[in-house]
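Open the model in your viewer and keep the selection box at hand. This tour moves from one selection to the next.

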Amino acid sequence: MRTVYLDNNATTQIAPEVREAMLPFLTDLWGNPSSMHTFGGQVKKYIETAREQVAALIGAADPQEITFTSCGSESNNLAIRGGAEAMDKPPHIITSKVEHAAVSGPCHYLEDRGFRLTKLDVDELGRLDLDTLQRDLRAGRNLTSLMWANNETGVVFPVGLIGEMVHEAGGVFHTDAVQAVGKIPMKISELPVDMLSLSGHKIHAPKGVAAIYIRRGTKVKPLVLGGHQERGRRAGTENVPYIVGLGVACNLAAKHLEEESTRVKAMRDRLEAGILESCPGSRVNGDTKGRLPNTTNISFDYIEGEAIILMLDDRGICASTGSACASGSLEPSHVLRAMNVAGVSVHGSIRFSLSTYNTDEDVDAVLTELPKIVKRLRELSPFVS
Ligand code: PLP
């Protein structure tokens with residue numbers, strides 16, 4: 001059975017070009033980049049090339065503003081914990097109710113240690129309440145962490161506007177851009193953003209490599225202490241093969257940006273329109289005017305999202321209910337709850353997330369199978385008479 005993979009916000013396949021580029025560093029070029037001898041030292045330049053490639057994708061002015069880490073979660077922890085601990089006085093931590101656990105986790109960690117924490121509301125379309133943000137910013141020096149794009153709904157926050165507000169209030173602004181990087185164009189050097197997190201496995205690099213952009217002049221205390229790698233920001237011998245892979249993935253993502261906003265978006269739109277038309281009692285969650293081009297989150301009244309996922313899985317189709325990290329729990333998604341999604345549909349939400357590797361046949365497969373699944377589950381539902 002052919003696999004139809006529509007869960008690219010959870011993770012992506014490794015691009016063949018990325019795999020190829022990594023292989024020499026898993027076979028012959030295995031030296032330690034910190035070594036004095038030529039055999040080790042020669043790999044250092046490949047790390048610097050990767051740094052330039054990451055910087056180019058996000059439009060950073062200087063590759064030295066890029067630090068390699070192990071995952072998006074580590075980048076978020078470094079920004080939030082490391083950022084807060086580097087400030088003269090404990091800052092007011094401001095975030096939202098729809099962040100990924102990799103942001104809310106470190107925010108709660110700081111709250112437990114006495115930092116003041118505010119979590120902003122979103123409206124029913126998943127948009128941030130900017131008036132409340134403005135009010136909260138007045139309450140003293142802050143470190144604000146707000147995501148660029150939501151992993152469950154794809155809703156995009158206005159990071160330029162937010163950054164301006166944070167800076168006006170004398171704060172530091174971090175954005176979790178793990179879902180935005182590679183899907184929408186960005187030029188971080190021209191935006192009021194101090195730190196930005198991205199992750200390799202969301203952009204066709206392997207799991208286990210990521211990066212954080214730290215604008216020149218922004219203070220961050222390292223979390224991993226030890227050697228002087230990454231200019232003292234993150235100790236540990238560099239994961240050379242994966243860093244090289246991340247660099248190539250960023251290069252590819254830059255080339256595919258145009259395709260994300262055209263072909264991928266067109267497939268997403270056809271999928272969404274087809275589902276809404278063929279499945280009664282279905283609705284889109286999130287602001288359809290300000291969304292990533294690859295994501296749609298759709299609720300189906302009176303049925304369980306988990307049941308739909310399992311039946312799609314039987315037919316070789318991979319999608320997800322809410323965030324992958326939240327699966328395994330039957331709690332409705334915290335994102336949809338924050339958006340006040342109605343009780344009849346909050347349990348029946350499915351996220352489809354596409355990539356440039358998807359085809360029109362993948363969309364056709366869902367449009368053939370999903371209406372039958374929804375019809376069958378509605379027949380079994382005790383809530384539908
Ligand atoms: N932030 C967002 C918005 C995410 O979607 C994810 C992963 O799903 C992460 C952070 C965590 O990234 P990683 O899996 O690389 O730790």
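How do the residues of the shell around the ligand divide into nonpolar, polar and charged? Three are nonpolar, eight are polar and two are charged. In this count, Ala, Val, Leu, Ile, Met, Phe, Trp, Tyr, Cys and Pro are nonpolar, Asp, Glu, Lys and Arg are charged, and the others, Gly among them, are polar.

Before going on, note that this is a predicted model, in which local features need pLDDT of at least 70, side-chain atom pairs count only at pLDDT 80 or more, and totals for chains, interfaces and linings use all residues. Residues are numbered from 1 along each chain as its sequence is written, and side-chain values use heavy atoms, with hydrogens and water left out.

**Stop 1: the ligand**

Select the ligand and the residues around it. The shell has 13 residues; a residue is near the ligand if one of its heavy atoms lies within 4 Å of it. The closest are S73, D176, Q179, S199 and K202.

Now show side chains and check three polar contacts (pairs of N or O atoms within 3.5 Å; within protein, one must be able to donate a hydrogen and the other to accept it, and residues adjacent in sequence count only if both atoms are side-chain atoms).

- S73: a polar side-chain atom sits 2.7 Å from a ligand oxygen atom.
- D176: a polar side-chain atom sits 2.6 Å from a ligand nitrogen atom.
- K202: a polar side-chain atom sits 2.5 Å from a ligand oxygen atom.

Switch on the surface. The ligand taken alone exposes 390 Å², and the protein buries 90% of that. Accessible areas come from the Shrake-Rupley method with a 1.4 Å probe; for residues, only the protein chains shown count as cover.

**Stop 2: helix α4**

Which helix gives the most to the shell around the ligand? Select residues 72–85: this is α4, and it contributes three residues. Helices (H or I, at least four residues) and strands (E, at least two) are DSSP runs, numbered from the N terminus.

Measure along α4. Its 14 residues reach 19 Å from the first C-alpha to the last, close to the 20 Å expected at 1.5 Å a residue. The expected span is 1.5 Å times one less than the number of residues.

Next, color by burial. Buried means under 20% relative accessible area, exposed means over 50%, and partly exposed is in between (1.4 Å probe, protein chains only). In α4, 11 of the 14 residues are buried, so the helix is largely enclosed by the rest of the structure. Among the buried ones are E74, N76, N77, L78 and I80.

**Stop 3: helix α1**

Select residues 16–27. Helix α1 has 12 residues and reaches 17 Å from its first C-alpha to its last, close to the 16 Å expected. Pick V18, M22 and F25: these residues of α1 are buried. Why are they on the same side of α1? They are there because they cover an arc of only 45° around the axis, where the arc is that of the directions from the helix axis to the C-beta atoms.

**Stop 4: the loop between β7 and β8**

Go to the loop between β7 (195–199) and β8 (210–214), where H204 is found. H204 is not a glycine, yet it has a positive phi of about 70°. It is buried, with a relative accessible area of 12%.

Stay in this loop and select H201. Is H201 buried or exposed? H201 is buried, at 17% relative accessible area. Draw a distance from H201 to K221: their C-alpha atoms are separated by 25 Å, and they are 20 residues apart along the chain.

**Stop 5: the loop between β8 and α8**

Move to R231, in the loop between β8 and α8 (240–278). R231 has a positive phi of about 50° although it is not a glycine. R231 counts as exposed, at 54% relative accessibility. K219 also has its place between β8 and α8, and counts as exposed at 58%. From K219 to E361, the C-alpha separation is 49 Å.

**Stop 6: two more loops**

Select P91, in the loop between α4 and β3 (92–96). P91 is buried, with a relative accessible area of 2%. The C-alpha atoms of P91 and I373 are separated by 50 Å.

Finish at G170, in the loop between α7 (159–168) and β6 (172–176). G170 is partly exposed, at 34% relative accessible area.
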